[in-house]
Structure formats: C-alpha cells, structure tokens
Amino acid sequence: MMLKEKGFLKGINLGGWLSQCDYSEERLNHFITEPDFAVIASWGLDHVRIPVDYNVLENDNGGYKEDGFARIENALNLAAKHGLNVVLDLHKTAGFSFDFGESESGFFDNEGYQERFCRLWEELAKRFGDHPDTVAFELLNEVTEKRFIDVWNEVSNRCIRRIRAYAPDTLILVGSYWNNSAESVKDLAAPYDDKVVYNFHCYSPLKFTHQGATWTQEIVQEERYSFEELGITPEHFEELFSSAIEKAQSHGADIYCGEYGVIENATPEDTLKWFKAINSVFEKHGIARAAWSYKRMNFGLSDDRLDSVRDELIKYL
C-alpha cells in the first residue's frame, strides 16, 4: 500500500478555502488558518486534500497569479509544520466545472482548454514537484459525463507525461466519470506509471448523504431519510467498490476515496453510523481516503452540530 506507506491513508478535505467560494481576500486568508491544521493533526489524520480552483492560480487569459501560488506554498508549509501531507486537487479548470449550471464548459472538445490545463499542471509540478514524499497531485475533480471518458483518458495521460518532466516521483491521482464514481473506475486507462493512483468519491446512497441539498437535481429537497430506513450496510459499499478494487488490483495500483461524507441535514447519530459502515470497508480493503469536509460546506466535520458524536466519529475517518 504505497499511499499508507507515504502517509496518505486517512485525511480530510479543506473544501471551500481555495475553491467553491467568493474568492475574497477575507475568505482566502481566513477561512482556514494554522489552528485548523493543528486540530486535524490532533484527530490522528495524516493528510489534507486541498481543492484549488484554476482562477485562484490563473488570470482570465491563462497567465499566472503569483499570490495564488504563494497561497499553496503557505498551505504546504502549515501542513508540514503539523506533520500533515497534502493532496493538491485541481477542483475546476478553465472550460470545466463539475457543478451544474456553472459557466465553465467546453473542455473536452477544446484543445486550447486542454493545453491550458496541461500547462497549469506543468507549472504546479515545477513549483511543488520536489516534495514527492509529502505532496500528491490530483489532476481534476469529478469528470461528469460518461461520453468524456475517451478524451479524458488521453488528456490525463498526456498531462501526466508532461508533469513527469518536473515531478518524476510525485503520486498522481486520476478519477473517472459520473463525478468520480467508484463504478466508473473500471473505464480508466491503465496507469501511466507505477505512481498513478485510481481515485473515486462516495456519497452513497445520495438520498441519505445529500438529503435536503439545494444544488442537485437528483434530490427531492423536502424528503428526509434515516440510516435504518434505507438499510445501509457495509455490504452496500462492498458491492459499490468491487469493480474499482478489481481494476486497481489488476494493474497493481493503489485506490483512494478522495471525498465521502454526510450533509448537515442528517442527524449526528445517523452520520456516525454511516461513517462506521463505510470505514469498515475502507479498512478491510486498505482504501486510503479523505472525508468531506473539515469545515462548513454543508458537510463540516468540525461544526458544532457534531460535538456530541465527534470523539467517536473521528475514529472512523
């Protein structure tokens, strides 16, 4: 288990800091600060996943923002100070967003956007590729539609080849369509090399983990469900992950769950039960992971609502 050996086994997302936000100086400077890294380390976790949107790093014309790269450097330094490794996740890129209704589109049909994506990763690799034991790269968050998979396999391999010129030993995570579903991992290309990791996300069943969510058309906002009502069991996750596990094993590759979590509309007690169920399968198969999310973002594990169960819950991250 390369991820475990390198210290990327149990992590948490810092969602909403350098992505999915208003990008104000207040947000970028103060949403996550050093005490948060200290808390995460105290929970016994070994890494953080940091989503970063392209516009934090790029101008509209594709030029680079030095203050954006400085923010990543600061985040890496804070993580290192508290003994935490970092998965650097490009959450959105020019021409692509996983969020319904956003303006970025056309990436999979546009060579200009694809080249810009590869150039940005080359730049990230030049700056942060000399820390292969503490920093991993995640190429792109949640490819959406199945029809994109052939292009994505080609673009991701091309991008990895270019990253390797500057970061030959850095772990690189690659996810598939249906928003990084476990079921779609089987259609990813063979790993470019032995330092590529298959990546998936898990919010299953969605009507439990996203009950009341306003941002997805797949949810009836008024409906609420309990853990018992839906009959959620470890076997549910065993079946869900089976093809991804088989795919990874067939290539001798590691597998990583980059996001998993439960919305604030579920009870704290049901949230704990869900984490216990999915954790049992992670542990059984040695699946590395990062929970969504540390703070707010409708899923915050440090939020007051979970005070009554947090000491128990963090055992199952």
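In sorting lining residues by class, Ala, Val, Leu, Ile, Met, Phe, Trp, Tyr, Cys and Pro count as nonpolar, Asp, Glu, Lys and Arg as charged, and the others, Gly among them, as polar. The structure examined here is a predicted model.

**Exercise 1.** Determine how the lining of the second largest pocket divides by class, and which element gives the largest share of that lining.

*Solution.* Begin with the pocket itself, whose volume is about 160 Å³. Next, list the residues that line the second largest pocket, namely M1, L3, I245, A248, Q249, A253, D254, I255, H285, G286, I287 and A288. Sorting these by class gives eight nonpolar, three polar and one charged residues. Finally, assign the residues to elements: α10 provides the largest share, three residues.

**Exercise 2.** Describe the largest cavity by its volume, its lining and the elements that contribute to that lining.

*Solution.* The structure holds one cavity of 30 Å³ or more, and the volume of the largest cavity is about 70 Å³. Its lining consists of N153, S156, N157, I160, V174, L188, A189, A190, P191, Y192, V196 and Y198. The elements that each give two or more residues to this lining are α7 (149-163) and β6 (196-202), with α7 giving the largest share, four residues. By class, the lining residues are nine nonpolar, three polar and no charged.

**Exercise 3.** Find which residues lie nearest the centre of the largest pocket, and how its lining divides by class.

*Solution.* The largest pocket has a volume of about 1,200 Å³. Of the 43 residues that line the largest pocket, F98, E142, N179, T216 and E218 lie nearest its centre. Two or more lining residues come from each of α8 (177-180), β6 and α10 (234-250). The division by class is 17 nonpolar, 16 polar and 10 charged.

Conventions
Residues are numbered from 1 along each chain as its sequence is written. This is a predicted model: local features need pLDDT of at least 70, side-chain atom pairs count only at pLDDT 80 or more; totals for chains, interfaces and linings use all residues. Side-chain values use heavy atoms; hydrogens and water are left out. On a 1 Å grid over the protein atoms alone, a cavity is a set of points where a 1.4 Å probe fits but cannot get out, and a pocket is an open set with protein on both sides within 12 Å along at least five of seven lines; lining residues have an atom within 4 Å of a point. Grid points are joined across faces, edges and corners, and a volume is the space filled by probe spheres set on the points.
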